[in-house]
Amino acid sequence: MLLVLFLLLFLSIPPLLLSDPAPNLATDPFLSGALNHSYNIDCGGTANFTSTFGRPWLSDRFYSGGSPGMVAEPHRFAQPQERTLRFFPPSSSGKKSCYSVPVLPGRYYIRTFTVYDNYDSKLRSPSYDVSIEGTLVFTYRSPWPEQASKSGAYSDLIAPVVDSIADICFYSIATDPPVIASLELAPVHPLAYDAATTGSDMILVNYGRLTCGSNLFGPGFTNDTDQFARVWQSDADFRSSNIKVKALSAGGHQIMGSNQQPNFFPTRLYETAVTTVNPEDILEYQMPVDTRLSYMVWFHFAEIDVGVTSAGQRVFDIVLGGNNVTRIDIFKEVGGFTAFKWFYIMENLTDPILKVQLVPVVGQPILCGLENYAMAPLDMATVPAQVAAMRALKESLKVPARMGWNGDPCAPSTWDAWEGVTCQRNPKGPGLVVTHLELASQGLKGFVSDQIGFLTDLVSLNLSYNSLGHNLPWGLGQATLVTLDLSSNKFTGDIPDSLGSNNLQTALLNNNELEGQVPEKLYSIGVHGGIIDLSGNKGLCGVPTLPACPMFWDKKGLNTTGKIALAASFAFVLFAAALVGFVIYVKRRENDYDFDFPQDFSYFSSAIAAKRNRYHRAKSFMQLEMETQTSNGLHNNGTAL
């Protein structure tokens, strides 16, 4: 999908310095700032400031890279945020650069101001694309129309943000640097513009938001308010010039039914209108369209002519692209001085100019405002878990800015994915998935995050010839992995057992600092006809062509044999200790007569004395017996006389 930017909205807006009261904080979401996640970012600006209309602008932030710049003739630009810019040279910022703005999930009105004005003195406006939330929305092609190039162009849309980051990304065509001067975001009611029917996964790109019978108005350009921060431009540039019209005004009458949710169309829109001078004339507008898209066309009416007091006095048909789609009688629908809104969706267009005609039936047609939105369905985005994994890898691998790893890794599908990344449709559900990472010789110096395990569709991983270190993560070893090349890095530690899926056919881990036992499942790749290279890792062991691992040790410490040996040794020690204790116990029982403890010390002394007396009596008895034997005729040598 390609949307030609310079057919959108207004090409340049002159400064309108009015003296009306300052806007109300409660009605201009930009003014409440971070309270509702609204931002006005001065791209390339270095300081915060408050504009003439009381709107706070932030210095440049949330960008992925690039450099600040200044238009060649700043005196021609009334607004400070229109004079500065940020450009993204692909040589240093990569092909894809982004503003990633933190917001709450929801729908947002997003407006950009883009200008060239020969800021780089090359006299050549750049070619590039712009995406919102991974969906291509604007296309810039050199050369730009002169007015847009010199004075700039505003573009806006309403887009859903499904996570907590709004990604506004730029893709360089050839070597041209994308450029942006200001970026604004404001929240929009989730049901605005019939989102309940059309779906919230739709981007509405503004192809014309017109106020009839009035000059341009809206936050940032006048002191008028709009709850969604929309800017309404004069219809004069889109209205058929060969039809005479006259402007009508409510003349101070109060307009009922305006500024109501979910669309919050401003009261100012219904206070003016145009009608034809000649009763038979058709009120006609010509709106640019892209025939590949459908369009949502909104009509705004209010019967503000005091001469119309009843139904049937003003009746007209709406004809879109030559088809009569409805008949309108404002007074019959809502009465006088009351806002009335109606929309129609156009499909299958064949003409790049959509003719919008109000054909009179009774009286002359009347119109207060007109909106024309291209309906761009959200492009397929990368599966959220894999987006988070890729962002974690960007940090852990220290991917250089020149590779442009910004925004969604795979979207828009019409752009190339991140450099070195290949994606495909998710085979298990909606979205896109990462299948290949080819990052050899990119000067990477970090480590592989364990979040790589969430890349569950990874087929090939090549990180060779970098300076990556630390241990290999356990998440590495997806069932889908066919080719793995981690050679010529500085990886340390063990090879995880998870590395060795049934589909893995090539595993190059050579020239690292790995150690420990090689998992048998990994080594079996070579046995079954695959390719495996483990050379250049002095600490690896346990498979043929490598040293044997220590008998009792493997990469996790003690192996099974070591654990059995340790258990047996411990049991033997316990048995020996028990045996020694038993022997000591038996010996003590043989040489002692009484193991009872005495009741007190005196008793203990008496017991010892008694034992001593028994010993002496036994000894005297033995001596007496020997003397008796001698006197009966035995000599000392024991022979008889």
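Is Ser460 buried or exposed? Ser460 is buried, because its relative accessibility is 10%, and the cut-off for buried is under 20%. The model is a predicted one, and every value here is computed from it.

## Ser460 and its surroundings

Ser460 sits in strand S28, which covers residues 460-462. Its contacts beyond four places in sequence fall in two stretches of numbering. Thr435, His436, Leu437 and Glu438 are among them. Leu481 and Thr483 complete the list.

Strand S27 runs from 432 to 438. That strand also helps to cover helix H5, described next.

## Helix H5

Helix H5 spans residues 384-396, 13 residues in total. From its first C-alpha to its last it reaches 18 Å. That is close to the 18 Å expected at 1.5 Å a residue.

Six names make up the buried set of H5: Gln386, Val387, Ala389, Met390, Leu393 and Ser396. The cover over these buried residues includes strand S26 (421-425) as well as strand S27 (432-438). After H5 comes Lys398, and its phi is positive, near 55°.

## The largest pocket

The largest pocket holds about 470 Å³ of space. Its lining counts 20 residues. Nearest the pocket centre are Glu133, Val162, Ala381, Thr382 and Asp408.

Which element gives the most to this lining? Helix H5 does, with 3 residues. H5 therefore has two roles to note in this report: its buried residues are covered by elements that include S26 and S27, and it contributes to the pocket lining.

By class, the lining is mixed. It has 9 nonpolar residues, 7 charged residues and 4 polar residues.

## Ser498 in its loop

Ser498 belongs to the loop that joins strand S31 (490-493) to strand S32 (506-508). Ser498 counts as partly exposed because its relative accessibility is 27%, and that class lies between the 20% and 50% cut-offs.

Beyond four places in sequence, Ser498 touches Trp474, Leu476 and Gly477. One of these, Leu476, also has its backbone oxygen 3.0 Å from a polar atom of the Ser498 side chain. Pro519 is 21 residues away from Ser498 in sequence. In space, the C-alpha atoms of Ser498 and Pro519 are 8.9 Å apart.

## Two serines side by side

Ser460 is in a strand, whereas Ser498 is in a loop. Ser460 is buried at 10%. Ser498 is partly exposed at 27%.

Terms used:
Residues are numbered from 1 along each chain as its sequence is written. This is a predicted model: local features need pLDDT of at least 70, side-chain atom pairs count only at pLDDT 80 or more; totals for chains, interfaces and linings use all residues. Side-chain values use heavy atoms; hydrogens and water are left out. Helices (H or I, at least four residues) and strands (E, at least two) are DSSP runs, numbered from the N terminus. Buried means under 20% relative accessible area, exposed over 50%, partly exposed in between (1.4 Å probe, protein chains only). Contact means heavy atoms within 4.5 Å. The expected span of a helix is 1.5 Å times one less than its number of residues. A polar contact is a pair of N or O atoms within 3.5 Å; within protein, one must be able to donate a hydrogen and the other to accept it, and residues adjacent in sequence count only if both atoms are side-chain atoms. On a 1 Å grid over the protein atoms alone, a cavity is a set of points where a 1.4 Å probe fits but cannot get out, and a pocket is an open set with protein on both sides within 12 Å along at least five of seven lines; lining residues have an atom within 4 Å of a point. Grid points are joined across faces, edges and corners, and a volume is the space filled by probe spheres set on the points. Ala, Val, Leu, Ile, Met, Phe, Trp, Tyr, Cys and Pro count as nonpolar, Asp, Glu, Lys and Arg as charged, and the others, Gly among them, as polar.
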